[in-house]
Amino acid sequence: MTGVRPLGLVLLEMALLVLLAPLVTGVIQKMKARLQCRQGAGVLQPYRDLIKLFRKGTVQADTASGFFWSIPVLVLAATVAAGALVPVVRAGPPAFPLGDALMLLGLLALARFLTAIGALDAGGAFGGMGASREMTIAPLVEPVLMMVVFSTALTAGTTELGALAAHRGTSWIVAWRAADFLGFAAMLVLLPAETGRIPVDNPDTHLELTMLHEGMLLEHSGPGLGCMLLASHMRQIVTLGLVAALFFPAVPADSAGATGLLFGAGAFAAKILVLATYLALVESSYAKLRLFRVPQYLGVGFVCALTALALRIL
Amino acid sequence: MALSVGHLAALAGAAAGLGVSFNILLGTPGRTLTRPLPVLFPFARLSLSVDGLSAYFLLVISLVAVAGAIYGPAYLRAHSPDAGRARQAAQVFALNVFLGCMTFLCCAGDALTFLLCWEGMTLSSYVLVVSDDRDGENARAGLLYMVMAHGGTALLLVAFLALTERGGAFDFAALRVAAGHLDSTTRTTLFFLALGGFATKAGVVPLHVWLPRAHPAAPSHVSALMSGVMLKVAIYGILRFAFDLLAPVAGPLPSSWGWTVLVVGTTSAVLGVLYALQQHDLKRLLAFHSVENIGIILIGVGLAMILWRQDGAGGALATLALTAALLHTVNHAAFKGLLFLGAGSVLCRTHLRNMEELGGLARRMPWTAGLFLLGAVAISALPPMNGFVSEWLTFQALLGGGSRIHGPAGLVVVFSAAMLALTGGLAAACFAKAFGVTFLGRPRTAHAEHATEAPPSMIAGMLWLAALCVALGVAPGYAMRLLDAPTAALLHGPGASAVVTARGPLVLSTATAPSGTDATAISMTMMAAFLIALTAMAWILRHGLRRSPARAAPTWTCGMSPTTRFDYTATAFAKPLRLVFAALYHPRREVTRETAGTPYVLQRIQYAGEIVDLAETQIYHRIERGISALSQTIRARSTGRIYGYIGLVLGALFVALLLIGVIYR
């Protein structure tokens, strides 16, 4: 078991996540490009995009209400707050409790809800379509994510992510039981849905027939769009961090001090890289599903998660 | 004049209620306030008795009543300016009777007071339901309400009279003694009779069909009271019966009780939100959400019943489950009241309830829109509002229960946690739709275009409830102290604050682990402060770095000039979920096209779609058809001659006497 994480460390970890979030997207894009035999943009391209957007002016829909203005800010704040709940360099509960896995999912849901509200505000059909589809997929993903969290929480007796990771300890696949495998399988099914990637969503296109999340961002521009993009990078790394905390081995307890923290950060980067590679592979080898096939796809995750839960309890 | 005086009276009553409830909830633990009432009947002594549970529900009633009393006069004046003084007086009188009956019902110390208040509550709310607009639909809604409510009252009467007959008196103390001698079959039968009666009032699926019709028909602040408070009175009844009146002297409750309540609650939560999703009438949508939230409360209640007096650490878990249910009771009262008042402001400014005809109100009614959004976030169980807190507690209780109860039963508990998660997600989808279509985009009709902000007193009423939502969301730890008395009074175990706020009022924590070592802890206060700081930083990131130019431009609609027709409608928004859950909705749609000669030139296109409520088609329509068929048969047999009927009456009397003779031989 590792010790508690002081508040300073929690804030540091959150800042680290914000700084690294665009990089993960850049790495995935680069891997996709190489898998598709393209050169692709550099891994730092998302940072350049963000800097460009934050320096630009804003064009706002003339029908939009006062809410529209504040939505990117609120969405970014909620997503970054979710980032504070993910253990990064060290496992163990925070010294002062902030939130657990349910709070994390709640904050991500809040960001999604506000994004959908913003999409409806401009009064265009694309925004409405994106919001409608996103809010159709989300209620189907959330309960399954929750069930995966429950299936791990049942043995650990807590839903706090740092404590869950500490309970998982340094044990790796050899110590897994059937329920762990099934829960992990469910998580792998859900990952593309929660990060807005193929086969559920397509982050590279603004074609109205294929998009979910991007459709909701159409009317945002300049710094507002920058906030929304940073929020979606952040959402991705937070989701990956959730999977890492639930299923991957934690850094051992005796690695305190600066070297220990560096080691922890390196281990976290490795875990995220593994999951990012998975996402890039899936995106390059599958086509996007029709919207009404997505519930069936998510059904596979649901069955896995339910079986994992059943195995834990029975 | 009559309006102001009447609502002032309601406000005074609510203030008195608040005083009494705080006195009990914050006073000496275990105190019960008892007062005899004037002797009205020779055969029974009426009395009031306020213990922790009564005081808590009194608090819920009074909190919403304050908002209703502030909001009411301006609403009634603005909504129906040409209403006669007689109608206004009748409405205000009925409102006061309604509030009074609910208050005294929760404080009743004997069965007769309880039943009289129960009936008064039903009758006065019926008057309010049919008082608003005199059209056929309201009258039909009222009739259905009357029939269903009295069916429920009949069940309650049987349950109460069976107890009073055994106890020889009406007061609850005598009933408790009488219930102590019951055998387990009779006890369970009586519980299910009472549960049926209360569930009808609470609008539990499948007894909910009256609710989405009757609640929207009433004036909006009465809808807020009916949805936010009247349903809770039924929850009070269930708690009073299960844990107090009918509970065995020692040992756990019969397992069938808790499991029934848990399963029924889960079903209500999921079906309630699914049907709400497909409603386009704003108030009707909110009414369906009441079905959902009652379900969530019942999940907590059911779990508490299952775990109560179980061996081991079940006691703390039962307290946790009951705390979640009671906290959700006040939370739902706050945000549902707020949402109904918001819908009422829209209604009185536009005279429209159909979302498809609204739109663009956020620019015209910014206060109403902002407060409605706040309520929407709260009801969707999103942090940092109050809905999240009680659902978090429910999740923790379910998780703890699941790890303690092994086997298939434990799986049911955890599965209902998954269903609760589904409910939350669907509620968020529903309120993205409700808020987005009603308040955002362009106005779709002239009524919506010319809407103006609601009068200040109506906004004040909403602000009161919004402040409650924020306070209960950001600092729930301080409210736990109010939950000590009801949980201790019912469960005779540790109070709510001992279980949930063991680490101080800023932290909510649970000890649900099988070993009891690891606890999950969150801090809503800390998270709220954190969110505010992050919002400020994001604001600086967006605006502070560089003064970037901003300009307005029309929405992008592929080069066409944008009109109202580009706005996504509520029907379109909910369509994907309508298709995903088609098995429950049986959606039907009719599209008629009028073309000019060739099918490529459309002149007119007409769309009609509807979904069915499974409970209605599968149960109620069958009952209706059965009754019709039966009466047709009787009509064919009836001769119309008077001596034939007299013979029937004599025969019935003879059979009845025979039966009595056999039973009381």
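Tutor: Helices here are DSSP runs of H or I with at least four residues, and strands are E runs of at least two. Keep in mind that this is a predicted model.

Student: OK, how many helices and strands does chain A have?

Tutor: Walk from the N terminus and the elements go α-α-β-α-α-α-α-α-α-α-α-α. Tallied up, chain A has 11 helices and one strand.

Student: What radius of gyration does chain A have, and why call it as compact as a globular protein of that length?

Tutor: Its C-alpha atoms fill a box of roughly 55 × 40 × 40 Å along the principal axes. For 314 residues the globule rule gives 20 Å, and chain A comes close to that, so it is as compact as a globular protein of that length; its radius of gyration is 19 Å.

Student: And what share of chain A counts as buried?

Tutor: To be buried, a residue needs 20 or more other C-beta atoms within 10 Å of its own. Of the 314 residues in chain A, the share that passes is 62%.

Student: Over to chain B: how far apart are the end C-alpha atoms of helix α10?

Tutor: Helix α10 of chain B covers residues 255-277, and 17 of its 23 residues are buried. At 1.5 Å a residue it should span 33 Å, which agrees with the end-to-end distance in the model: 34 Å.

Student: How far apart are the C-alpha centres of domain 1 and domain 2 of chain B?

Tutor: Chain B splits into domain 1 (2-494) and domain 2 (589-665). Their contact takes five residues from domain 1 of chain B and six residues from domain 2 of chain B. The distance between the two C-alpha centres is 32 Å.

Notes:
Residues are numbered from 1 along each chain as its sequence is written. Chains are lettered from A and ligands numbered from 1 in the order in which they are written. This is a predicted model: local features need pLDDT of at least 70, side-chain atom pairs count only at pLDDT 80 or more; totals for chains, interfaces and linings use all residues. The expected span of a helix is 1.5 Å times one less than its number of residues. A residue is buried if 20 or more other C-beta atoms lie within 10 Å of its own, exposed if 12 or fewer, and partly exposed in between; C-beta atoms are placed from the backbone. Domain bounds come from an automatic or database domain assignment. Two residues are in contact if their C-beta atoms, placed from the backbone, lie within 7 Å. The radius of gyration is taken over C-alpha atoms; the globule rule is 2.2 Å times the number of residues to the power 0.38.
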